Amino acid sequence: MRLAFRPPARATFQRSTRDRSRREVDRGNAFLRRRDLSAALEAFETAVALDPDNEVAWNNRGVALENLGQPHEALRCHNFAIKLRPASQEAWCNKGVVLMHLAQGSGAIECFDAVLRMNPRHALALLNKGIFLSRAQRHPEAIALFDRALEADPHFGLAALNKASALFALGRNEEAVTWYNHALRKRPDLPDAWFHKGRALLGAGQARAALLALEKAIDLRPDFPEAVVILEEARARVTQV
């Protein structure tokens, strides 16, 4: 009789630990959103201890580690998540981001392309591949990818922001301002967007408007020396008018 009861008891235990693991992932995600990285990492580590086959926990543990400045350990986590689930688009995309930060460009592109073969409308993979190409001064190709990301997700503020920056790099200041405005309608809390909008406005000869954008950037990030320098340049131009 004891043997007859063991399998259902074991199955219940397995379901219980997997459920607890998933709950720890949810806790970790909440900590990530609050930028409490240490607490997030602790939750994800608990999740993988409870269920070592939880590829989401491994992937998210990698995200926390990468944000904590441990890219090599993060890469190990993403690789393990991919081993558990080769079709995990999130793990492939996050692996690509880590490789990009490690200056392993060809590996990063391979990861983003792997995601896009599975899902050509994966907005985050399109964004990250575009960022890589823009950093390589391949701005027209990057803009095409940002446009695809925005087509997949019209509310993707970071895609609009990076498209604006690519346009600014090409000297297309007025177009850049339009796209910075688009990004700021989605994410008005981004000091970098206000800063780069100010630079683009200055480049377009609109020094007074640039002042307002740069002041907003500094309001959002008081320790922003680059913005202070451009703000002083904008003030100097206003007084010359």
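A residue is taken here as buried when its relative accessible area is under 20%, and this cut-off underlies the description of burial in the predicted model that follows.

By this criterion, α3 is mostly covered, with 10 of its 13 residues buried. The buried set comprises Glu55, Ala57, Trp58, Asn59, Asn60, Arg61, Gly62, Ala64, Leu65 and Glu66. Helix α3 spans residues 55–67, and the distance of 19 Å between its end C-alpha atoms agrees with the 18 Å that should follow for 13 residues at 1.5 Å a residue. In the chain as a whole, buried residues account for 47% of the 241 residues.

The secondary structure of the chain consists of 13 helices and zero strands, so that from the N terminus on the elements run α-α-α-α-α-α-α-α-α-α-α-α-α. The chain is more spread out than a compact globule, because its radius of gyration of 22 Å is well over the 18 Å that the globule rule gives for 241 residues. Along the principal axes, the C-alpha atoms fill a box of roughly 95 × 35 × 30 Å. Of the contacts between residues at least 6 apart in sequence, 44% join residues at least 24 apart.

With respect to the surface, the chain exposes about 13,000 Å², of which carbon and sulfur atoms supply 53%. The charged side chains number 35 positive and 28 negative, and the centres of these two sets lie 6 Å apart.

Note on methods: Residues numbered from 1 in each chain as written. Predicted model: local features only at pLDDT ≥ 70, side-chain atom pairs only at ≥ 80, totals over all residues. Heavy atoms only, no water. Helix = DSSP H or I, 4+ residues; strand = E, 2+ residues; numbered from the N terminus. Rg over C-alpha atoms; globule rule 2.2 N^0.38 Å. Buried < 20%, exposed > 50% of the residue type's maximum accessible area, 1.4 Å probe, protein only. Contact = heavy atoms within 4.5 Å. Areas by Shrake-Rupley, 256 points an atom, 1.4 Å probe, with all protein chains shown as cover. Lys, Arg positive; Asp, Glu negative; His and termini not counted. Charge placed at Lys NZ, Arg CZ, Asp CG, Glu CD. Expected span 1.5 Å × (residues − 1).
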